[in-house]
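Let's take a walk through a protein together, one step after another. Keep the picture beside you and turn it as you read.

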Amino acid sequence: EQPIFSTRAHVFQIDPNTKKNWVPTSKHAVTVSYFYDSTRNVYRIISLDGSKAIINSTITPNMTFTKTSQKFGQWADSRANTVYGLGFSSEHHLSKFAEKFQEFKEAARIAKEKSHEKMELTSTPSQESAGGDIQSPLTPESINGTDDERAMPEVTQNSEPRAEPTQNALPFTHSSTISKHWEAELATLKGNNAKLTAALLESTANVKQWKQQLAAYQEEAERLHKRVTELECVSSQANAVHTHKTELNQTIQELESTLKKKEEEIEGLKQEIENARELQAQRDSLTQKLQEVEIRNKDLEGQLSDLEQRLEKSQNEQEAFRNNLKTLLEILDGKIFELTELRDNLAKLIECS
């Protein structure tokens, strides 16, 4: 089997107890595919949730896919004795699935008609063979073949007197005509025998396949009969079912709108997660930069401490230098004062002299 069309949808089944409520068989949207079995010439709808087959429905000509809302459709499978429901994300996907269902349903109908025609064509020679076997022991006329061939002796016998032969030639002519007629009928019988033998061989080869198809048809007929009985019981509650169906449609619409909101919330959460990831990346980058800054800060603190020590040492040196300068200034002032006194004394000596 090969998939010929696939889509995604939420899968539901009718509650087997109440036959009214929908039971979800998948927690999220799953792949639903049409498959074609070339050996059996049938179309199937298959859906898997992990390793579990939640849909395995063979399409038959009497199936109908019904759109119950803009995004929901359903069909009944008598073989599985259930009703499947699919919830799609858009009306376009629902319409596409419905078109494919109708297309493959028509193909299944044509394949079934061809199969019936083949069975009828194959069964016709075997019936003729059985009829020939029954008639052959009776009379020579019954094995002559067609009505026209059986009429040939009568026409010949009727036309011979018109030729007005002599009395001696009449028995010979009549015997020769009958001999030719029987030779022609013998050749016809041989041809019919060969055809019947070939048809018998072909019908024998197809007996097993007919039995299998007959068993499948009988099983399907029994299931359809049970389904008809169930539908007849359900039809008495048509009004309640219609009301419940309306409520279900409203519930489905509410669920679809809730699902749409949840999907929007999920998209928003995904965006927030992306933003959080970006913020986490920025935080990691900033943390790394902060560590680098802390390391650099420690280096600067070490350098600052060294500079403070050097500054303090420089200040101490400057203070000592200032003290030395003060001492030198005091000494210089004393020397200047002494020189001034010496000058004054020298000036007085010069004046006195």
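The protein chain has four helices and eight strands. Please bear in mind that you are looking at a predicted model. If you follow the chain from the N terminus, the elements come in the order β-β-β-β-β-β-β-β-α-α-α-α. Of the 353 residues in the protein chain, 20% count as buried. The chain exposes about 26000 Å², and carbon and sulfur atoms supply 55% of that area. Contacts can also be sorted by how far apart the partners sit in sequence. Among contacts between residues at least 6 apart in sequence, 54% join residues at least 24 apart.

Now let's go inside. Which residues of the largest nonpolar core touch the most other members? This core has 22 residues, and the ones with the most such partners are Tyr34, Ile45, Ile55, Trp75, Leu86 and Phe97. Two or more residues each come from strand S1 (2–14), strand S3 (30–37), strand S4 (42–49), strand S5 (52–58), strand S8 (82–87) and H1. Among these elements, H1 gives the most to the core, with five residues. To see what surrounds one core member, pick out Tyr34. Leaving aside its neighbours within four places in sequence, Tyr34 is in contact with Gln2, Pro3, Ile4, Phe5, Arg44, Ile45, Ile59, Phe97, Lys100, Phe101 and Phe104. There is also a second, separate core of six residues, which includes Ile14, Trp22, Phe72 and Val83.

Stay inside for one more stop, at Ser47, which lies in strand S4. Is Ser47 buried or exposed? Ser47 counts as buried because its relative accessible area is 1%, and the cut-off for buried is under 20%. Once its neighbours within four places in sequence are set aside, the contacts of Ser47 are Val11, Val30, Thr31, Val32, Lys52, Ala53, Ile54 and Ile55.

Next come two loop residues with something to show in their backbone. Most residues other than glycine have a negative phi. Asn41, in the loop between S3 and S4, has a phi near 60°, a positive value in a residue other than glycine. At 32% relative accessibility, Asn41 is partly exposed. Asn81 also has a positive phi, near 55°. You can find Asn81 in the loop between strand S7 (72–77) and S8, where this residue is partly exposed with a relative accessible area of 41%.

Let's turn to charged side chains. Side chains of opposite charge can pair when their charged atoms come close. How many salt bridges does a search of the whole structure find? The search finds seven. For one example, look at helix H1 (residues 91–135), where Glu106 and Arg109 sit three residues apart, about one turn of the helix. Their side chains meet in a salt bridge, with 2.2 Å from N to O. Arg109 forms a salt bridge with Glu113 as well, and here the closest N and O atoms are 2.5 Å apart. Arg109 and Glu113 are separated by about one helical turn because they are four residues apart in H1. Glu106, Arg109 and Glu113 are thus linked in a network of salt bridges. As for their surroundings, Glu106 is partly exposed at 32% relative accessible area, Arg109 is partly exposed at 30%, and Glu113 is partly exposed at 37%.

Our last stop is helix H4 (residues 238–352), the home of Ile331. This helix also holds Glu319 and Arg322, which are about one helical turn apart because three residues separate them in sequence. Glu319 and Arg322 form a salt bridge, with their closest N and O atoms 3.6 Å apart. Glu319 is partly exposed, with a relative accessible area of 40%, and Arg322 is partly exposed at 43%. What kind of surface patch do Phe321, Leu325, Leu328 and Ile331 form? The patch is nonpolar, and the four residues together have about 390 Å² of accessible area. Ile331 itself is partly exposed, because its relative accessible area of 45% falls between the limits of 20% for buried and 50% for exposed.

Technical notes
Residues are numbered from 1 along each chain as its sequence is written. This is a predicted model: local features need pLDDT of at least 70, side-chain atom pairs count only at pLDDT 80 or more; totals for chains, interfaces and linings use all residues. Side-chain values use heavy atoms; hydrogens and water are left out. Patches are made of residues with over 30% relative accessible area and no salt bridge: like charges are joined within 9 Å, nonpolar side chains (Val, Leu, Ile, Met, Phe, Trp, Tyr) within 5 Å. Accessible areas come from the Shrake-Rupley method with a 1.4 Å probe; for residues, only the protein chains shown count as cover. Buried means under 20% relative accessible area, exposed over 50%, partly exposed in between (1.4 Å probe, protein chains only). A nonpolar core is a set of buried Ala, Val, Leu, Ile, Met, Phe, Trp, Tyr and Cys residues joined through side-chain atoms within 4.5 Å. Contact means heavy atoms within 4.5 Å.
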